[in-house]
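Open the model in your viewer and keep the selection tool at hand. This tour goes from one selection to the next and says what is found at each stop.

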Amino acid sequence: MTTSSMLKSNNSSTSLTAGTTPAVHPFDPIIDENSKILILGSFPSIKSFENNFYYAHPRNQFWPILSAIFKKPANSLEERLELLRTSNIALWDVIESCERKNSADSNLKKSKPNDIESLLKNFPNIEAILFTGRKAEQLFKKHFSKSIELPTSLLPSPSPAYAALSFEVKLKRWNDILTNYLSI
């Protein structure tokens, strides 16, 4: 996995603003021939658009959770890519394009899914799909329940908006789920 081959240019008018605007997913999937688990979110947050990478909100717990589970740093882009690569985790989102007012999944409108079927055909090594929230799981089931037959699991959302669980509880649940699929 190289950074340049994974990130799309974010120079087009795909960013999200205060009003409801069309948005196109700005990142390529992060995946390689050793990936075993595909983690799917719904659609990048405004902070992720601004910072040109997945789960970029400073209070999002995605990277701290993975860092704690795999005992590897995940502060820089390079460290995050390395963590995914060495942990056999692929990363993408269910939605390719949508209209959305803000980062809340409840505001997703007119969504079009990414071509997850083709991704899985090109990377048949994927053994399971995990979701970083209920909306990602719902959208996946809506668009792919009849065409993709892999085991799936719902992870507690790492979003700062999901404060019902503490970091420690989220970490334990993520660890338990990932342990079912990976040799940790």
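Start by selecting G41 and D93: D93 in strand 3 is the bridge partner of G41. Strands, like helices, are DSSP runs numbered from the N terminus; a strand (E) has at least two residues and a helix (H or I) at least four. Two strands pair if DSSP finds at least two bridges between them.

Before going further, note what kind of model this is. It is predicted: local features need pLDDT of at least 70 and side-chain atom pairs count only at pLDDT 80 or more, while totals for chains, interfaces and linings use all residues. Residues are numbered from 1 along each chain as its sequence is written, and side-chain values use heavy atoms, with hydrogens and water left out.

**The whole chain**

Colour the chain by secondary structure. It has seven helices and seven strands. Followed from the N terminus, the elements run α-β-β-α-α-α-β-β-β-α-β-α-β-α. Of the 184 residues, 46% count as buried; buried means under 20% relative accessible area, exposed over 50%, and partly exposed in between (1.4 Å probe, protein chains only). The accessible surface comes to about 9100 Å², and 49% of that belongs to carbon and sulfur atoms. Such areas come from the Shrake-Rupley method with a 1.4 Å probe, and for residues only the protein chains shown count as cover. Among contacts (heavy atoms within 4.5 Å) with a separation of 6 or more, 65% are between residues 24 or more positions apart.

**Strand 2 and its neighbours**

Select strand 2, residues 37-41. Which way do its side chains point? I37, I39 and G41 point one way, L38 and L40 the other way, and all are buried. Add strand 3 (89-93): five bridges join strand 2 to strand 3, and the two run parallel.

Next add strand 6 (128-131). It pairs with strand 2 in the parallel sense over four bridges. Two places to check are L38, whose bridge partner in strand 6 is I129, and I39, which stands opposite L130.

Both faces of strand 6 are covered, with A128 and L130 buried on one side and I129 and F131 buried on the other.

Now select strand 7, residues 152-154, which runs parallel to strand 6 and is joined to strand 6 by three bridges. L130 stands opposite S153 here. Trace the chain from strand 6 through helix 6 to strand 7: this β-α-β crossover is right-handed. The term applies if, with the strands pointing away from the viewer, the path from the first strand over the helix to the second runs clockwise.

**The core**

Which residues of the largest nonpolar core touch the most other members? Select L38, W63, L66 and I116; the core has 47 residues, and these four touch the most others in it. A nonpolar core is a set of buried Ala, Val, Leu, Ile, Met, Phe, Trp, Tyr and Cys residues joined through side-chain atoms within 4.5 Å. Elements that each supply at least two of its residues include strand 2, helix 4 (77-86) and helix 7 (167-181). The largest share, six residues, comes from helix 3.

Stay on I116 and show what surrounds it. Leaving out residues up to four places away in sequence, I116 touches L38, L40, W92, D93, V94, F140, F144 and I148.

**The rings**

Show the aromatic side chains. The whole structure holds nine aromatic pairs. Rings of Phe, Tyr and Trp (its six-membered ring) pair if their centres lie within 6.5 Å; planes under 30 degrees apart count as stacked, over 60 as edge-to-face and the rest as tilted. Zoom in on Y55 and F62: the ring centres are 4.0 Å apart and the planes are at 5 degrees, so this pair is stacked. F62 also pairs with W63, edge-to-face, at 4.8 Å centre to centre and 80 degrees between the planes. F62 is buried at 0% relative accessibility, W63 at 2% and Y55 at 12%. Widen the selection to F27, F53, Y54, Y55, F62, W63 and W174, which ring pairs link into a cluster.

**Two loop residues**

Return to Y55, in the loop between helix 2 (46-51) and helix 3. Y55 has a positive phi of about 50 degrees although it is not a glycine.

End at K71, in the loop between helix 3 and helix 4. K71 is not a glycine either, and has a positive phi of about 55 degrees. Is K71 buried or exposed? K71 is exposed, with a relative accessible area of 72%.
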